[in-house]
Amino acid sequence: MTELTEHLAPHAVERLKGLRAHGSHEGIFTSDLSVNEFVMVRKAGFEPLGLVVGSCIYHMGIQYGQWSQNMEMDVLSQAMYQARELAMSRMEQEAILLRADGIVGVRLEVKRMEWDQEILEFMAIGTAIAHRDGQEGFKGVGGKPFTSDLSGQDFWMLLQAGYRPMEMVMGSCVYHVAHQGFLKSMGNLGRNTELEPFTQAMYDARELAMERMQHEAQDAQADGITGVNLHEGSHNWQPHVIEFFAVGTAVKAMEHANDLVDALSPQLVIPVND
């Protein structure tokens, strides 16, 4: 237990003691689930235990890209990946203390600290859940709680289709997009033309991020990845430096998955919001 709490803030440990750990009827639960998500998580046979959070304040190293060259910024790519991993692992530690089976609705947020342009805060937040009847077989990689960015509705549908979440997988690539020379820029004035160096840079960077996400899913022995999202952001770095971030939920088929999905009936859902 000491190893689990050594990287958690003392007040975080105290907050977790007031939550409803799996197998206990004491304490309350907290969650950022909407009412619809809360109902669907319970419909899936799970109960929310508590809101779990991981945070990491990270100083970014210095790396300069060559003005006229497309290249990955390895130092920044590694920093963005390590910082997110630290935030995720601390969120997982909180879920372990609650004896959770997994975490749903995980969000990863990044923001720059106002007091220093080289410092970013990385935060992972989600709702820890556990199977109501203590049914086993839902833990993730290495027996740790699974992590997932699926909504409560998507989590219920995934289980109905015979699959279970294993791990929230991600890939990051910070890339320097080469500048275009003055003569080349002038030559493009008034013309419709593809900017091939820019196209190649953006294409390569996205592929690197996707490839790294896929490697994480393979290491988790997953069958596939659902809900993949691709994000781009500069985080106020130098011009022409962009991060490409791929994230999704690695899933694995349960027993009789084909029979379960064949038994599903499509349902018509009509939105009533403007």
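**Exercise 1. Helix H7**

Task: In this predicted model, find which residues of H7 are buried, and where H7 packs.

Solution. Start with the list: the buried residues of H7 are Ala201, Ala205, Ala209, Met213, Glu216 and Ala217. Next, recall how a helix turns. An α-helix has 3.6 residues a turn, so residues three or four places apart point the same way. Now look for the partners: H4, E6, E7 and E8 are what the buried residues of H7 pack against. As for its placement, helix H7 (residues 196-219) lies across E2, E6, E7 and E8, and runs at about 150° to E6.

Task: Check whether the span of H7 agrees or disagrees with what its 24 residues should give.

Solution. Take 1.5 Å a residue, counting one less than the number of residues. For the 24 residues of H7 this should span 34 Å. The end C-alpha atoms of H7 are 34 Å apart, so the two values agree.

**Exercise 2. Two positive phi values**

Task: Find what value phi takes at Gln221, just after H7, and at Arg99.

Solution. Begin with the general expectation: most residues other than glycine have a negative phi. Just after H7, Gln221 takes a positive phi of about 55°. Gln221 has its place in the loop between H7 and E7. With 59% relative accessibility, Gln221 counts as exposed, because exposed means over 50%.

Then turn to Arg99, where phi is near 55°, again a positive value in a residue other than glycine. Arg99 lies in the loop between H4 and strand E3 (102-112). Its relative accessible area is 46%, so Arg99 is partly exposed.

**Exercise 3. An open sheet**

Task: Work out in what order the strands of the open four-stranded sheet come, and which are its edge strands.

Solution. Read across the sheet: the order is E2-E6-E8-E7, with antiparallel pairing. The edge strands are strand E2 (71-72) and strand E7 (224-233), each of which pairs on one side only. At the E2 edge, two bridges pair E2 with strand E6 (residues 163-176) in the antiparallel sense. To see one of these positions, look at Glu72: its bridge partner in E6 is Tyr175. Finally, add a helix to the picture. Helix H4 (residues 74-97) packs on the sheet and touches E2, E6 and strand E8 (241-253). The direction of H4 makes about 150° with that of E6.

**Exercise 4. Strand E4 and its partners**

Task: Find how many bridges join E4 to E1 and to E3, and how many residues of E4 are buried.

Solution. Take E1 to begin with: 13 bridges join E1 to E4, and the two run antiparallel. As an example, Gly50 stands opposite Ala128 in E4. Now go to E3, which is joined to E4 by nine bridges, also running antiparallel. Here Lys111 has Glu121 in E4 as its bridge partner. The connection from E3 to E4 is a hairpin through six residues. As for burial, twelve of the 13 residues of E4 are buried, so E4 is largely enclosed by the rest of the structure.

**Exercise 5. Gly140 in its loop**

Task: Say where Gly140 lies, and whether it is buried or exposed.

Solution. Follow the chain to the loop between strand E4 (119-131) and strand E5 (146-147), where Gly140 lies. Its relative accessible area is 11%, so Gly140 is buried, since buried means under 20%. Leaving aside neighbours within four places in sequence, Gly140 is in contact with Pro145, Phe146 and Met166. Arg164 offers a further landmark: Gly140 and Arg164 are 24 residues apart in sequence and 9.1 Å apart in space, C-alpha to C-alpha.

**Exercise 6. Aromatic rings**

Task: Decide whether the pair of Phe46 and Phe155 is stacked or edge-to-face.

Solution. The count comes to four aromatic pairs. One of them is the stacked pair of Phe29 and Phe38, at 5.5 Å centre to centre with 15° between the planes. Now take Phe46 and Phe155, at 5.2 Å centre to centre with 75° between the planes. Planes over 60 degrees apart count as edge-to-face, so this pair is edge-to-face. The pair links distant parts of the chain: Phe46 is in strand E1 (residues 46-59) and Phe155 in helix H5 (residues 152-160), 109 residues apart. Both Phe46 and Phe155 are buried. Ring pairs also link Phe46, Phe138, Phe146 and Phe155 into a cluster.

Notes: Residues numbered from 1 in each chain as written. Predicted model: local features only at pLDDT ≥ 70, side-chain atom pairs only at ≥ 80, totals over all residues. Heavy atoms only, no water. Buried < 20%, exposed > 50% of the residue type's maximum accessible area, 1.4 Å probe, protein only. Contact = heavy atoms within 4.5 Å. Pairing = 2+ DSSP bridges. Axes fitted to C-alpha atoms, helices over the stretch in contact; angles between N-to-C directions. Phe/Tyr/Trp six-rings, centres within 6.5 Å; stacked < 30°, edge-to-face > 60°.
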